[in-house]
Amino acid sequence: MPKETATASKRGRPGYDQQSVLRIAVDVFNRHGYDATSMGILAENLGISKSAIYHHVPSKGELLKLALDHALGGLEAILEQPEATSGAADSRLEFVLRQTIAVLVERLPFVTLLLRLRGNTEIERNALERRRAFDHKVAALISDAREEGSLRQDIDPRTVTRLLFGTINSIVEWYKPGGSLSPERLADDVITMAFDGLHASV
């Protein structure tokens, strides 16, 4: 048996790469909480030694940073797309909301971790600041749409912003990927309720 194979067999190490380690770590963070998750707990869930984890990342904090970058990078990229930067404000807003839902569903465990941050570390605080910057840009779109006359004027824009984000963020708590509700239908339902309300058309 080649030496390298014998060593791998002796250690009992699965064929992990950094991305697979990250995915499992995010699942563990979401189940136990980041603060309560030790490298020992991660190693147990991965089925490898703590030293093997350090082969992929230098620290638990680096795993958190990579996970949050994945969530935030997807959200921030939405605002750079042409559909988010040109055209009527209500169309831009609808595009951003639809894409936000798409990113949330595609990266559900990572966005879940982002939404549960407490800001206890510098990494968490930096991520929360980036999230607030994203929220503020969406809020600006809402204000622009109100000024253009495409959104109603009788509801405080701050209330609109909070309700929209509250609705979208709640998806991480109940949505099951692969179920009967597709991501596209989910986005359609959220947009319809947000823009048209619940009254039946007459």
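In this predicted model, helix 7 passes helix 12 in a right-handed crossing. The two axes come within 10 Å and cross at roughly 140 degrees. Helix 7 therefore counts as oblique to helix 12, since an angle has to be over 145 degrees to be called roughly antiparallel. On the helix 7 side, the residues that meet helix 12 are D90, L93, E94, L97, R98, I101 and V105. Their partners in helix 12 (residues 183–196) are P183, L186, A187, D188, V190, I191 and F195. Sorted by class, this contact has 10 nonpolar and 4 charged residues, with no polar ones at all.

Helix 7 itself checks out on length. Its 18 residues should span 26 Å at 1.5 Å a residue, and the end C-alpha atoms sit 25 Å apart, so expectation and model agree. Quite a few of its side chains are tucked away: A89, R92, L93, F95, V96, L97, T100, I101, V103, L104 and V105 are buried. L93, L97, I101 and V105 in that list also turn up in the contact with helix 12. An α-helix has 3.6 residues a turn, so residues three or four places apart point the same way.

Helix 9 (residues 122–148) gets the same kind of length check. With 27 residues at 1.5 Å each, helix 9 should span 39 Å, and its end C-alpha atoms are 39 Å apart, which agrees. The buried residues here are E124, A127, L128, F134, D135, V138, A139, L141, I142, A145 and R146. Those buried positions pack against four helices, namely helix 5 (60–78), helix 7 (89–106), helix 8 (108–115) and helix 10 (157–169). Just past the end of helix 9, G149 adopts a positive phi of about 90 degrees.

Helix 5 also has a partner in helix 2 (residues 18–32), with the axes 10 Å apart and an angle of about 95 degrees between them. That angle makes helix 2 roughly perpendicular to helix 5. From helix 2, the contact draws on Q18, V21, L22, A25, V26 and F29, which meet K60, L63, L64, L66 and A67 in helix 5. By class, the contact splits into 9 nonpolar residues, 1 polar and 1 charged.

One more glycine can be placed, this time inside a helix. G40 belongs to helix 3 (residues 39–46). Its relative accessibility is 32%, so G40 counts as partly exposed. The C-alpha atoms of G40 and L108 are 25 Å apart, with the two positions 68 residues apart along the chain.

Methods
Residues numbered from 1 in each chain as written. Predicted model: local features only at pLDDT ≥ 70, side-chain atom pairs only at ≥ 80, totals over all residues. Heavy atoms only, no water. Helix = DSSP H or I, 4+ residues; strand = E, 2+ residues; numbered from the N terminus. Expected span 1.5 Å × (residues − 1). Buried < 20%, exposed > 50% of the residue type's maximum accessible area, 1.4 Å probe, protein only. Contact = heavy atoms within 4.5 Å. Axes fitted to C-alpha atoms, helices over the stretch in contact; angles between N-to-C directions. Parallel < 35°, antiparallel > 145°, perpendicular 65-115°, else oblique. Left-handed = near helix turned anticlockwise from the far one by under 90°. Nonpolar A, V, L, I, M, F, W, Y, C, P; charged D, E, K, R; others polar.
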